[in-house]
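Good morning, and thank you for the time. I would like to take you through one structure, beginning with the space inside it and then turning to its helices and charged contacts.

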Amino acid sequence: MNEQFIQQTIEQFKSKILMSVRHRTLRIHTGEPDLREDRLFFLLLPYLNGEHWNDEQEQSAISVAVIYSALAAHDQIKELNASSKSQQLTVLAGDYYSGLYYQMLAKLSNIDLIRSLSNGIIDISEKKASVYDNVKQSFDQWMETIQTIESLSIVQFHEHFEYVGYQSFVRRGLMIHRLEYELDLVNQGKSSRFQESLADSEDEFDFSHSWLVLLNHELSNQKIKMMEDISQSHLLSHPVRKYLLDLYKLRLNEQVSVMRER
């Protein structure tokens with residue numbers, strides 16, 4: 001296995017998911033479902049690292065990917081307000097993907113996994129609602145909120161199949177992606193509901209610095225911890241370690257020292 005194999009495996013997995021959720025009308029009006037490659041990488045991480053992987057795990061992983069597609073479709077509506085035809089169809093796309101992942105999970109008849117993922121979706125939905133419901137909380141609580149939203153279903157999937165050694169990489173990796181996404185929006189002069197929630201909480205909870213400064217610090221800290229986790233891990237194969245480093249543009253040893261001095 002090498003990095004090319006990892007990339008090809010992710011692309012093949014993505015094609016399988018698209019085949020499972022294809023719907024001509026929704027595709028024409030709303031585009032393809034949200035299937036971020038970094039998220040697919042973390043879903044497949046045990047397999048890519050050489051762990052045992054069977055058809056049940058493959059089908060369960062597809063269901064988890066569709067969960068995130070459904071949540072992403074509904075997020076678009078919350079951000080854009082469903083008034084146009086395309087936005088109303090995006091609502092339907094989210095509902096369609098939600099129905100599909102329940103159907104997929106039901107076919108597997110894995111009650112424990114269904115129970116775990118269902119409880120997790122409730123938790124994720126509550127955390128997402130807090131972003132839109134004018135909730136005010138500390139910066140650390142917001143970071144926990146975002147980490148739950150971004151990674152909980154994948155963590156539960158790994159936990160169910162006893163791949164718990166990969167959970168820290170999943171949590172940290174998807175957290176880094178979200179923080180970079182939010183900071184990219186800021187650099188483009190754009191905002192998000194999450195940033196508005198942070199700003200609303202800043203005065204009430206007397207943040208030690210502005211939410212933007214704290215967000216940059218959090219990104220640096222998460223990258224340092226990711227590099228430490230990778231360098232100390234005896235679990236990850238060389239190709240997977242290299243893929244993770246490239247994914248977040250990280251370099252071991254010298255970069256950790258530089259970032260710690262900041």
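By a cavity I mean a set of grid points where a 1.4 Å probe fits but cannot get out, and a residue counts as lining when it has an atom within 4 Å of such a point. Please keep in mind throughout that this is a predicted model.

With that definition, how many cavities of 30 Å³ or more does the model contain? The count is 1, and the volume of the largest cavity is about 30 Å³. Its lining is made up of D34, L35, R36, R39, L40, L43, A65 and Y68. Two elements, α3 and α4, give two or more residues each to that lining, and α3 gives the most, with 3 residues. In character, the lining of the largest cavity comprises 5 nonpolar residues, 3 charged residues and no polar ones.

Let me now turn from the cavity to the pockets. The largest pocket has a volume of about 600 Å³. It is lined by 24 residues, of which D75, K128, E150, R178 and Y181 are the closest to its centre. Which helix gives the most to this lining? The answer is α4, with 6 residues. At least two lining residues come from each of α4, α6, α7, α8 (167-187) and α9 (193-204). The lining of the largest pocket holds 11 charged, 9 nonpolar and 4 polar residues.

E150 brings us to the salt bridges. In total, the model has 12 of them. E150 pairs with R39, with a nitrogen-to-oxygen distance of 3.0 Å. This pair links distant parts of the chain, since E150 belongs to helix α7 and R39 to helix α3 (residues 37-48), 111 residues apart. Are these two residues buried or exposed? Both E150 and R39 are buried. They also take part in a network of salt bridges that links R36, D38, R39, E150, R178 and E182. Several names recur here: R36 and R39 line the largest cavity, while E150 and R178 are among the residues closest to the centre of the largest pocket.

A second salt bridge joins E58 and K16, whose closest N and O atoms are 2.8 Å apart. E58 sits in helix α4 (residues 55-80) and K16 in helix α1 (residues 3-21), so this pair ties together parts that are 42 residues apart in sequence. The two partners may be described by their accessibility. E58 counts as buried because its relative accessibility is 12%, and the cut-off for buried is under 20%. K16, with a relative accessible area of 42%, is partly exposed.

A third salt bridge is formed within one helix. R115 and D112 have their closest N and O atoms 3.2 Å apart, and both lie in helix α6 (residues 111-132), 3 residues apart, about one turn of the helix. R115 counts as partly exposed, at 47% relative accessibility.

Helix α6 also holds I121. This residue has a relative accessibility of 9% and therefore counts as buried. The C-alpha atoms of I121 and I67 are separated by 8.4 Å, although the two residues are 54 apart along the chain.

I return now to helix α7, which deserves a closer description. Its 22 residues, 139-160, should span 32 Å at 1.5 Å a residue, and the C-alpha atoms at its ends are 30 Å apart, which agrees. Where is the kink in α7 centred? It is centred on S151, and amounts to about 60°. Helix α7 is mostly covered, with 16 of its 22 residues buried.

Finally, a word on backbone angles. Most residues other than glycine have a negative phi. E162, which follows α7, has a positive phi of about 60° although it is not a glycine. E162 is found in the loop between α7 and α8, and its relative accessible area of 70% makes it exposed. D206 is likewise not a glycine and has a positive phi, of about 50°. D206 lies in the loop between α9 and α10 (211-232), and at 64% relative accessibility it counts as exposed.

That concludes the presentation, and I would be glad to take questions.

Note on methods: Residues numbered from 1 in each chain as written. Predicted model: local features only at pLDDT ≥ 70, side-chain atom pairs only at ≥ 80, totals over all residues. Heavy atoms only, no water. Helix = DSSP H or I, 4+ residues; strand = E, 2+ residues; numbered from the N terminus. Expected span 1.5 Å × (residues − 1). Bend = angle between axes of the 7 residues up to and from the residue. Buried < 20%, exposed > 50% of the residue type's maximum accessible area, 1.4 Å probe, protein only. Salt bridge = Lys/Arg side-chain N within 4 Å of Asp/Glu carboxyl O. 1 Å grid on protein atoms, 1.4 Å probe; cavity = no way out; pocket = protein on both sides within 12 Å on 5 of 7 lines; lining within 4 Å. Points joined across faces, edges and corners; volume = space filled by probe spheres on them. Nonpolar A, V, L, I, M, F, W, Y, C, P; charged D, E, K, R; others polar.
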